[in-house]
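Visitor: I am new to reading protein models, and I would like a close look at a single part of this one. Could you take me through a buried charged residue and then through what lies around it?

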Amino acid sequence: MITLTHFLIVSALLFVIGLYAVLAKRNAVLVLVGIELMINAAVLNLVSFGRYDKALYGGQTFALFAIVLAAASVAVALAIILNVYRYYKNINPHDIRDLKD
């Protein structure tokens, strides 16, 4: 039997892995992957809590909304990364400090 605790542990592990990727990686694409892992951890929490809300299905509705927002944010972030790479020939976030030029 899979309980709510199991879902929460997996979600916490996903979030920690995503946080590590955001803080430690020097590639903008890998930072984006880390952010997606953290969003997926939140979606897993919403779905797992929504499983126990049989009357309103609020968790699934919020999860669907979060998935749509994550897809839109990935599209925008990839466009920004492509434009930064076109200008600087590098996507290391630490090397790109003068974006206002």
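**A buried charge and its surroundings**

Guide: In this predicted model, the residue to begin with is Glu36, which is buried and yet has no salt bridge, the nearest side chain of opposite charge being that of Lys25, 17 Å away. Glu36 has its place in helix α2, which covers residues 28–51. If we set aside residues up to four places away in sequence, Glu36 touches Ala70, Ser73 and Val74.

Let us follow one of these contacts to its other end. Ala70 sits in helix α3, and with a relative accessible area of 7% Ala70 is buried, because buried means a value under 20%. Along the chain Ala70 and Glu36 are 34 residues apart, while in space their C-alpha atoms are 7.2 Å apart. Apart from neighbours within four places in sequence, Ala70 is in contact with Glu36 and also with Ile39.

Ile39 appears again when we turn to Ala66, another residue whose place is in helix α3. Leaving out neighbours within four places in sequence, Ala66 is in contact with Ile39 and Val43. The C-alpha atoms of Ala66 and Ala42 are separated by 8.5 Å, although these two residues are 24 residues apart along the chain.

The two helices can also be followed into the largest nonpolar core, whose five residues are Ala28, Leu32, Ala77, Ile81 and Ile91. Helix α2 and helix α3, the latter spanning residues 58–88, each supply at least two residues of this core.

Returning to helix α2, we find Ser48 there as well. Ser48 has a relative accessibility of 3%, and therefore counts as buried, the limit being under 20%. When residues up to four places away in sequence are not counted, Ser48 touches Leu4 and Phe7. Leu4 brings us to helix α1, which runs over residues 4–24 and also holds Phe15. Phe15 has a relative accessible area of 40% and is therefore called partly exposed, since that term covers values between 20% and 50%. Together with Leu19 and Leu23, Phe15 makes a nonpolar surface patch of about 300 Å².

Finally, we can look at what follows helix α3. Lys89 lies in the segment after α3, and Lys89 has a positive phi of about 55 degrees although it is not a glycine. With a relative accessible area of 59%, Lys89 is exposed, because exposed means over 50%. Ile96 also lies in the segment after α3, but at 16% relative accessibility Ile96 counts as buried, because this value is under 20%. Ile96 touches Val84, Tyr88, Asn90 and Ile91, once residues up to four places away in sequence are left out. One of these, Ile91, is a residue we have already met in the largest nonpolar core. Between Ile96 and Tyr85, which are eleven residues apart in sequence, the C-alpha to C-alpha distance is 10.0 Å.

To come back to the starting point, Glu36 is a buried residue without a salt bridge, and the residues that Glu36 touches include Ala70, which is itself buried.

How values were computed:
Residues are numbered from 1 along each chain as its sequence is written. This is a predicted model: local features need pLDDT of at least 70, side-chain atom pairs count only at pLDDT 80 or more; totals for chains, interfaces and linings use all residues. Side-chain values use heavy atoms; hydrogens and water are left out. Helices (H or I, at least four residues) and strands (E, at least two) are DSSP runs, numbered from the N terminus. Buried means under 20% relative accessible area, exposed over 50%, partly exposed in between (1.4 Å probe, protein chains only). Lys and Arg count as positive and Asp and Glu as negative; His and the chain ends are not counted. A salt bridge is a side-chain nitrogen of Lys or Arg within 4 Å of a carboxyl oxygen of Asp or Glu. Contact means heavy atoms within 4.5 Å. A nonpolar core is a set of buried Ala, Val, Leu, Ile, Met, Phe, Trp, Tyr and Cys residues joined through side-chain atoms within 4.5 Å. Patches are made of residues with over 30% relative accessible area and no salt bridge: like charges are joined within 9 Å, nonpolar side chains (Val, Leu, Ile, Met, Phe, Trp, Tyr) within 5 Å. Accessible areas come from the Shrake-Rupley method with a 1.4 Å probe; for residues, only the protein chains shown count as cover.
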